[in-house]
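Work through the exercises below with the sequence and the model open side by side, and try each task before reading its solution.

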Amino acid sequence: MASLIAPDQTFLDPASVGKFLESSVSHETFRNKRILLIVPDSTRTAPVGMVFKHLFEQHHAEVKSMDVLIALGTHQPMSEKAICDRLEISIEERKEQYEKVQFFNHEWDNPEALQQIGTITSEEISDLTKGRFSMEVPVSVNKRLFDYDQIIIIGPVFPHEVVGFSGGNKYLFPGVSGPEVLNFFHWLAAIITNPKIIGHKWTAVRKVIDRAGASVTIPKLALCMVVTHQGLRGIFTGTPESAWDEASSLSARTHIEYKEKPFQTILSCAPEMYDELWVGGKCMYKLEPVLADGGDLIIYAPHIKEISLTHGKIIREIGYHCRDYFLNQWETFKNYPWGILAHSTHVRGVGSWENGQEKPRVNVILATGIPKEVCDEINLGYLDPTTIEPESYAHREHEGILYVPKAGEVLYQLNKPPSWAKPGND
C-alpha cells in the first residue's frame, strides 16, 4: 500500500497526485490488460476526474482497453453528459482523446445485467452479525466485471450511515451489486441504527461487505481519497481493504466535528448534488447524533422535488418510521425491500414502540419542493422553504441552534455520546 497525505491545513495539488500515481501504481497493473474503472456518481464530492485523467494519460497507450462503470447502487442512471462532468472532461474531449473509453451505468434491478458469484452461508452471516441474523445471502454483481482483467476502484471515503465509513469494497457492494446482498446489509445497519454505525470503522456491515468483496476474484486495486469541500487531503492505493483502512482513519480525523452539547434546532442545508430525498437524507444521518431529544432537524433543500424516482412509490406506501415501528409490525412489512425499510428508519431516526404507538426521538421536517400533503402522507414535517432565511440560523449555537450550510459529508458527534448512540449498547 502507498499513500500521499497533505500536511495539516493544506491540500494536494494535481501535479503531486499525478507523480504519486505514476510512482505507486505499477505499469504491470495496466500493460496489455482490459481495465475497468469503477467510480461513484455525482452524489460524492471527490476529484474523480483528476485521477481518471492521470491514469488515462499514464497508461492508455499500454492497455487493451480502459472503460468506466458508474457505481450507482440503486441511484438513477447518469447521462453521457453527466458522466463527462463526473470525469471532468468536455463532450468534445469525449469524442476525441477519450472516444475509445466506454461508459456504463450499473443496473442493479436488471437480472440480465447481473451474475451470481456465491452465497454467504447462514453460519457465516450469524458470525458476521453477532447472531442478529442467520440466513443465506446470495452475492451477485454486474457481470461486466468479468469482461476485464483488472478492476480499479476510484472514490472518496466519508463517514457513512450504513457501513460506518464509505469506500473500499462498498463501491462493489452496493455500488455494482445485485439487490439481495444490498437489501440485507442495509437492513442490518437499520437494526443496529445509524448513530451506532456512522463514523465507526469495524462494523458488522463492513464485515459483510468485505466478505462479499472476497467473492470477486478479479484483481482489484483501490484508490481511496479523503476530500473536503476545500480540496484533497489524502490518497491511498492498495487493496480495497488496506487502502480503505488507512483512508478511513484519515477521514475520522477530517470529517467528524465534535460538539459539547446537543442542539434543539438544526438547519441542515442540502447541496445541489442531492437531487432527491433518497440521497438528501444524508442531511439527517450526519446530524442525528447531535440533535437533542424532542429537537427539530430541518432539511432545507428547495431544489429537491422528489422523494425518489426509483423507490418513491414504495416509500409513499410505508412512510418514514423508526426501526421499532417496523419490527413490531414485521408481518406487515417483511416483504418490502429491506433496503427501502432501512432508508425509512435512517431518515426518521431513533425511536421506540410503546403501547402500540411509535415514539420518535426527534422531529424531521422537510423544507423542500415536496408538497405538504406528501410530507403528511410520508410521516415527515413540513415547512415552506420560502419562509426560511438560512443565514438567520447562523452563529446561534449558544442558543441551541446549529446551522450547517452544506450538509451530508461531515459527521457531527457529541464528545460524550448518550447510550443510544454508543456501539454495543443495542
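Two exercises follow, one on a strand and one on a pocket.

The model is predicted, and local features need pLDDT of at least 70, side-chain atom pairs count only at pLDDT 80 or more, while totals for chains, interfaces and linings use all residues. Residues are numbered from 1 along each chain as its sequence is written, and side-chain values use heavy atoms, with hydrogens and water left out.

**Exercise 1.** Determine which residues of strand β19 lie on each side, and whether they are buried or exposed.

*Solution.* Begin with the general rule that side chains in a regular strand alternate between the two faces of the sheet. In β19 (residues 401-404), Ile401 and Tyr403 point to one side, Leu402 and Val404 to the other, and all are buried, where buried means under 20% relative accessible area and exposed over 50%, with partly exposed in between (1.4 Å probe, protein chains only). Next, look for the neighbouring strand: β13 (residues 263-269) runs parallel to β19 and is joined to it by 4 bridges. Finally, locate Ser268, which stands opposite Val404.

**Exercise 2.** Establish which helix gives the largest share of the lining of the largest pocket.

*Solution.* Start from the pocket itself, whose volume is about 530 Å³. Of its 35 lining residues, Thr74, His75, Pro174, His186 and Trp278 are the closest to the centre. Then consider the elements that give two or more residues, namely α6 (179-192), α10 (277-280), α11 (282-285) and α15 (338-348). The largest share, 5 residues, comes from α15.

Conventions:
Two strands pair if DSSP finds at least two bridges between them. On a 1 Å grid over the protein atoms alone, a cavity is a set of points where a 1.4 Å probe fits but cannot get out, and a pocket is an open set with protein on both sides within 12 Å along at least five of seven lines; lining residues have an atom within 4 Å of a point. Grid points are joined across faces, edges and corners, and a volume is the space filled by probe spheres set on the points.
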